[in-house]
Amino acid sequence: MDRSQLLRGALDAATLAVVADEDGYGYDVLRRLRAAGLIDVGDASIYGTLRRLYRAGALTSYVQPSDEGPHRRYYGITDSGRAQLAEAREVWAEFSRVLTDLLQTEVEVKA
Amino acid sequence: MTAVPPEVTVYLAAIRAALADLPAEEREDLLADVRGSLVEAAADSGGNIAARLGPPEEFAAELRAAAGLQAPDEPRPGFRELLRRLTADPRVRELRRLVPIWWVARAYVAVAVVALLAGTGWSLTYPIVPRIGSGAWALVLIGLAAVVSVWLGLTRRSWLVAEAALVVAAIPVAVHLSHKPVPPSTVVYIETAAYQQGLSYNGVPLNNLYPYSRDGHMLHDVLLYTGSGTPIDAPAGVPDPLRRVLRTKAGKPVENAFPIRYFDPGTGRVSHPDASPPVRIPRIVTPPLRSR
């Protein structure tokens, strides 16, 4: 199965989770997602997702000067974002339970 | 503030161009995130941005899709755009591997078109080889041209006008090569032309024939025929008034009578009817045939 296909639907939740953990700027969020194991996710997808969540009101943003380079735009989660994340957690938990059962049953049938 | 590396600037400019249809504010917000990250990413990876992130157009498309922004209404792609997409297609780019073949081919075309313009001959054995001086010299010339051409290709020197001229020049060369070479005219034809009218012996023309009887007497006015009954004529090419030609009662000349005799000029007489070549008739012991 194509991991990037799977990821597309789950990227909103993953991004919200990372930002909920701690505010971050674009590249920082990217690094943390990668560190968590989402190595297939494209840079542009993450920046685009951040902007979209921001426009939808799930994220807030503020600019902070940086010692190393240009000013950084940090993203933080809003109440609306938290609600969206909570809902995504439930949906995902249910979805993954169902799918895990399904795939395991398939394995047993085959065995 | 650290400076933005030039490659990041170039990459960003390409993304900005690809997002030109978005509202300026939206576009600049997106680019602001990307810029900061690209600077850090460049510092982290140190390598080529485009190699890591892919072409900026694709990056922009992914950015646009993830941000939920409408792709611009695709205008019908113009010819230049279609051409650009075609040349950018990896499958088409793969064809670039074949370009060394063209390097060699254009060298040949360059030499061949000069030969065509100069109107030199072409090798009969190997019709694709022009004869410049000789076929061997032409091969040397083509080889040198190929070396130069490949060198130009490898050093990525390109002069579009010359390139286009060679493509055009390839057309008359191809037309020339597609024509079957004229079959070589061989000595066989010359021998055919050497066939003699009239009498000959082993290919040597004969002026006259001298028949003798078995007992060594020269015979006169012997009429000779072939096996199919054709008179073996010794026609006088240019009528020779001195030749003694036998005639029928109707005045028709009989030209298969030998030996041919000639009148002495002004006399109408043959002074030496028995003049003969220096032959010695051998003594024949086989009994003579008897006519019935």
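**Note on a buried arginine, a pocket and a cavity in chain B**

1. R64(B) lies within helix α4 of chain B, which spans residues 56-66. The model under discussion is predicted. R64(B) has a relative accessibility of 6% and is therefore classed as buried, the cut-off being under 20%. The side chain of R64(B) makes a polar contact with that of D21(B), at 2.9 Å.

2. The second largest pocket encloses about 420 Å³ of space. Its lining comprises 14 residues, of which R96(B), V99(B), W103(B), G153(B) and R156(B) are the closest to the centre.

3. Two helices of chain B, α7 (99-118) and α8 (135-154), each provide at least two lining residues of the second largest pocket. The largest contribution to that lining comes from α7(B), with five residues.

4. In chemical class, the lining of the second largest pocket consists of six nonpolar, six charged and two polar residues.

5. As to enclosed space, the model contains two cavities of 30 Å³ or more. The volume of the largest cavity is about 60 Å³.

6. Which residues line the largest cavity? They are D221(B), R243(B), R244(B), V245(B), L246(B), V254(B), E255(B), N256(B), A257(B), P259(B), I260(B) and R261(B). Divided by class, this lining has six nonpolar residues, five charged residues and one polar residue.

Terms used: Residues numbered from 1 in each chain as written. Chains lettered and ligands numbered in written order. Predicted model: local features only at pLDDT ≥ 70, side-chain atom pairs only at ≥ 80, totals over all residues. Heavy atoms only, no water. 1 Å grid on protein atoms, 1.4 Å probe; cavity = no way out; pocket = protein on both sides within 12 Å on 5 of 7 lines; lining within 4 Å. Points joined across faces, edges and corners; volume = space filled by probe spheres on them. Helix = DSSP H or I, 4+ residues; strand = E, 2+ residues; numbered from the N terminus. Nonpolar A, V, L, I, M, F, W, Y, C, P; charged D, E, K, R; others polar. Buried < 20%, exposed > 50% of the residue type's maximum accessible area, 1.4 Å probe, protein only. Polar contact = N/O pair within 3.5 Å; in protein donor to acceptor, adjacent residues only side chain to side chain.
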